[in-house]
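Biologist: Could we go through the cavities and the packing in this one? Please give me the terms as you go.

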Amino acid sequence: MDLERVLLLILAGVLAGGVNALAGGGSLITFPALLMTGLPAVQANVTNSVSVFPGYLSSVLGSRADLAGQRHRLPWVLPACVAGSAAGCALLLATPARAFELIVPFLVLAAAAALFFQDRLRGLVGHPRALSPRRQVITLQVVVFVGAVYGGYFGAAMGVMYVAALALVLDETLNRLNALKNVLSATVGAVTLLTFALFGPVDWPVVLILAPATVVGGYGGALLARRLPTRLLKALIVSFGTAIGLILLARALT
């Protein structure tokens, strides 16, 4: 691989790691970059899923302070996250992608809209404080499972979906929800890494270039997210989600 392509992957990795930590959707930076290096689409998708995983880990490290007081939720959500991720990976490896490609843009746009209209939706479905502990746990597990299925299958804008859904279930600040989202994204990433490393056509030399770059971007993005005002962070996530949804919709219709 020539120097120009290596630099392209490094830049894409840093930007994608930062975007994933802030909002989600970094795969829409790295995936096209991988295609530009000449990888076939399926191999690029699998290689991308493996490459971005270290960036998720660094995002968790960068946002760990906002996980304080939330660790009791992890035993409830991580098994659902692992199961959903495995189901999504199996779906990707075993079924045609066309139908899901047509649905994905609308899911992403719906997630962005749900976060934008969060307060109004809470008025319709009830504030998280109104949920009984049992109902909150069950709803949280369902949300995490569905998001993980999507993440295992495709993954772009998974963070937008998770933040929007978690905001309707949990009575937490956006920064704390973002920290929990980072843990869930890292869990999905771990499952996809293991699955695709065993069964997918991963281009490992490319991973060795791209993965360290996502670590740098992920840690920096997580630190930046902690310092942003809630309104600005929300605006960034909604903007990223809307842009990603429209890009995916355009791709699906072409």
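Modeller: On a 1 Å grid over the protein atoms alone, a cavity is a set of points where a 1.4 Å probe fits but cannot get out, and its lining residues have an atom within 4 Å of a point. This is a predicted model, where local features need pLDDT of at least 70 and side-chain atom pairs count only at pLDDT 80 or more, while totals for chains, interfaces and linings use all residues. Residues are numbered from 1 along each chain as its sequence is written, and side-chain values use heavy atoms, with hydrogens and water left out.

Biologist: How many cavities of 30 Å³ or more turn up?

Modeller: The search of the whole structure finds four, and the largest cavity holds about 120 Å³ (the space filled by probe spheres set on the points, which are joined across faces, edges and corners).

Biologist: Which residues are closest to its centre?

Modeller: Of the 18 lining residues, these are Ser49, Gly151, Phe154, Gly155 and Thr192. Two or more lining residues come from each of α3 (41-51), α8 (133-153) and α10 (174-199), helices being DSSP runs of H or I with at least four residues, numbered from the N terminus.

Biologist: Which helix gives the largest share of that lining?

Modeller: That is α10, with four residues.

Biologist: Switching to α4, which residues are buried there?

Modeller: In α4 (residues 53-62), Phe53, Gly55, Tyr56, Ser58, Ser59 and Gly62 are buried (under 20% relative accessible area, 1.4 Å probe, protein chains only).

Biologist: And what do they pack against?

Modeller: The buried residues of α4 pack against α1 (3-22), α3, α9, α10 and α11 (204-227), where contact means heavy atoms within 4.5 Å.

Terms used:
On a 1 Å grid over the protein atoms alone, a cavity is a set of points where a 1.4 Å probe fits but cannot get out, and a pocket is an open set with protein on both sides within 12 Å along at least five of seven lines; lining residues have an atom within 4 Å of a point. Buried means under 20% relative accessible area, exposed over 50%, partly exposed in between (1.4 Å probe, protein chains only).
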